[in-house]
Amino acid sequence: MDKKKGILHGNAFYTLLSILIGFIIGAILLFFAGISPGAAYGQLFEGVFGNLKNIIWAFIYASPLIFTGLSVAFSFKTGVFNIGAEGQFVVGSLAACTVGILVDLPPVLHVPLCMLAAVAAGAVWGSIVGLLKVKRGINEVLSFIMFNWIAYYFSNYAVNLPILHKEGGGEATKDILDSASIVFPDVIRDVLGKNRNANFGFILAVIAAVLIWFIIKKTTLGYKLRAVGYNNFAAQYGGINSNRAVMTAMAISGGLAGLGGAVQLMGMSMRISQFASQENYGFQGITVALIAGSNPIGCIFSGLFYGAMKYGGTKLSLVDAPSEVVDIIMGTIILFIAVSHVLRNLILNRKGGKA
């Protein structure tokens, strides 16, 4: 009985329930659109688990999402809503691309340097908003939204600079040097279904998640950041510099998103193209963080789930189902996670009434 009660009080049960409701809502909409939910979901499942190559693609898609999910989850712990992960992702990608093109070093030095540049760029981008918040009291949500667009247009400007621009035209930068790539060696890619984009990104994401978990749960810094997130005034009364904590959180959060941009660039795209619209990695990171309940380890699994859904959704056209059904499912999941306290009260009250 106690075990059952513990499950009903925990977040995991309501997250899984929200996912189930999301798929049910998606099935209903597919049915009214004249598309077989069974065929669509079957194709979605086949698109992810049909063969080893598809499974590896799910991991590839998940890697940057785990980083942006970690970025948002970490900021949530300090009471800051990092809606700016999108801009931090973009500037991180741009920094890694610049170093990857202009600097020629052995891979053992080039890869870490590109990643450090991305972390620094994302951290600076987040810190600027933090500075505006603690020094001028400017709401970070508004600042982050503006900085997302600044990063967007700055990237489009940088893409066309002669020093980075691809020779012979095209709205893209040159490819980064091979020494800056994090793609697996050919011998490993052959084992992994001959997937040419199989890379170290997921391994790096797992390491980052464990490191962030350790910082939050096992260090003095993590304690201070969580204290500020729980109650800013109580933390200040206890001698914690809340402004410094907010700045630190925004810098680390921005660095994580920037690293996600580097992983996506160095493992998949190898170049930056001029944006026609925002890529939404940062906004999808919010979904990953919410599904994970802002738990860094949970971000690994929620990122994998979202990555698998994104890749599997590209195969829905084979059964004439719109890929947007994935967005509907994910949106529904987030909606029900947001109101999970209502579901919890309904279920617990019903159980209490029966007792």
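**Exercise 1. The loop between α12 and α13**

Task: In this predicted model, state where N280 lies, which sign its phi has, and whether N280 is buried, partly exposed or exposed.

Solution.
- Step 1. N280 sits in the loop that runs between α12 and α13.
- Step 2. Its phi is near 75°, which is a positive value in a residue other than glycine.
- Step 3. The relative accessible area of N280 is 33%. Buried means under 20% and exposed means over 50%, with partly exposed in between, so N280 is partly exposed.

**Exercise 2. Helix α13**

Task: Work out how many residues of helix α13 (residues 281-291) are buried, which ones they are, and what phi G293 takes.

Solution.
- Step 1. Helix α13 has eleven residues, and nine of them are buried.
- Step 2. The buried residues are Y281, G282, Q284, G285, I286, T287, V288, A289 and I291.
- Step 3. Because nine of the eleven are buried, α13 is largely enclosed by the rest of the structure.
- Step 4. Just after α13, G293 has a positive phi of about 65°.

**Exercise 3. A second non-glycine residue with positive phi**

Task: Locate D320, give its phi, and decide whether D320 is buried or exposed.

Solution.
- Step 1. D320 is in the loop between α14 (296-313) and α15 (324-338).
- Step 2. The phi of D320 is near 60°, again positive in a residue other than glycine.
- Step 3. With a relative accessible area of 67% against a cut-off of over 50%, D320 is exposed.

**Exercise 4. Packing of α4 against α12**

Task: Describe how helix α4 (residues 52-77) packs on helix α12 (residues 242-269), and give the make-up of the contact by class.

Solution.
- Step 1. Two packed helices are described by the angle between their axes and the distance between the axes.
- Step 2. The axes of α4 and α12 come within 7 Å and cross at roughly 170°.
- Step 3. Angles over 145 degrees count as roughly antiparallel, so α4 is roughly antiparallel to α12.
- Step 4. On the α4 side the contact is made by W57, I60, S63, P64, F67, L70, S71, V72, F74 and S75. On the α12 side it is made by A249, I252, S253, G254, L256, A257, L259, G260, V263, Q264 and M268.
- Step 5. Sorted by class, the contact has 14 nonpolar, seven polar and no charged residues.

**Exercise 5. S242 in α12**

Task: Find out whether S242 is buried or exposed, and which residues S242 touches.

Solution.
- Step 1. S242 belongs to helix α12.
- Step 2. Its relative accessibility is 5%, so S242 counts as buried.
- Step 3. Leaving aside residues up to four places away in sequence, S242 touches V228, N232 and Q236.

**Exercise 6. Aromatic pairs**

Task: Give the number of aromatic pairs, then classify the pair F59 and F202 and the pair W125 and F147.

Solution.
- Step 1. The count comes to 16 aromatic pairs.
- Step 2. For F59 and F202 the centres are 4.7 Å apart and the planes are at 85°, an edge-to-face pair.
- Step 3. F59 lies in helix α4 and F202 in helix α9 (residues 201-218), so the pair ties together parts 143 residues apart in sequence.
- Step 4. F59 is partly exposed at 28% relative accessibility, whereas F202 is buried at 18%.
- Step 5. The ring centres of W125 and F147 are 5.3 Å apart with planes at 75°, so this pair is edge-to-face.
- Step 6. W125 is in helix α6 (residues 107-136) and F147 in helix α7 (residues 140-159), 22 residues apart. Both W125 and F147 are buried.
- Step 7. Ring pairs also join W149, Y152, Y153 and F275 into a cluster.

**Exercise 7. G79**

Task: Place G79 in the fold, then list its contacts and its distance from A234.

Solution.
- Step 1. G79 lies in the loop between α4 and α5 (85-102).
- Step 2. Its relative accessible area is 53%, so G79 is exposed.
- Step 3. Apart from residues up to four places away in sequence, G79 touches E140 and G229.
- Step 4. G79 and A234 are 155 residues apart in sequence and 13 Å apart in space, C-alpha to C-alpha.

**Exercise 8. Two annotated spans**

Task: Take residues 198-216 and 286-308 from the UniProt "transmembrane region" feature and give the helix content and end-to-end distance of residues 198-216 and of residues 286-308.

Solution.
- Step 1. The UniProt record, an unreviewed entry, places this feature at several spans, including residues 198-216 and 286-308.
- Step 2. Residues 198-216 are 84% helix and 0% strand, with end C-alpha atoms 30 Å apart.
- Step 3. Residues 286-308 are 83% helix and 0% strand, with end C-alpha atoms 17 Å apart.

Conventions
Residues numbered from 1 in each chain as written. Predicted model: local features only at pLDDT ≥ 70, side-chain atom pairs only at ≥ 80, totals over all residues. Heavy atoms only, no water. Axes fitted to C-alpha atoms, helices over the stretch in contact; angles between N-to-C directions. Helix = DSSP H or I, 4+ residues; strand = E, 2+ residues; numbered from the N terminus. Parallel < 35°, antiparallel > 145°, perpendicular 65-115°, else oblique. Contact = heavy atoms within 4.5 Å. Nonpolar A, V, L, I, M, F, W, Y, C, P; charged D, E, K, R; others polar. Phe/Tyr/Trp six-rings, centres within 6.5 Å; stacked < 30°, edge-to-face > 60°. Buried < 20%, exposed > 50% of the residue type's maximum accessible area, 1.4 Å probe, protein only. UniProt positions renumbered as here; feature names shortened; annotations may be inferred.
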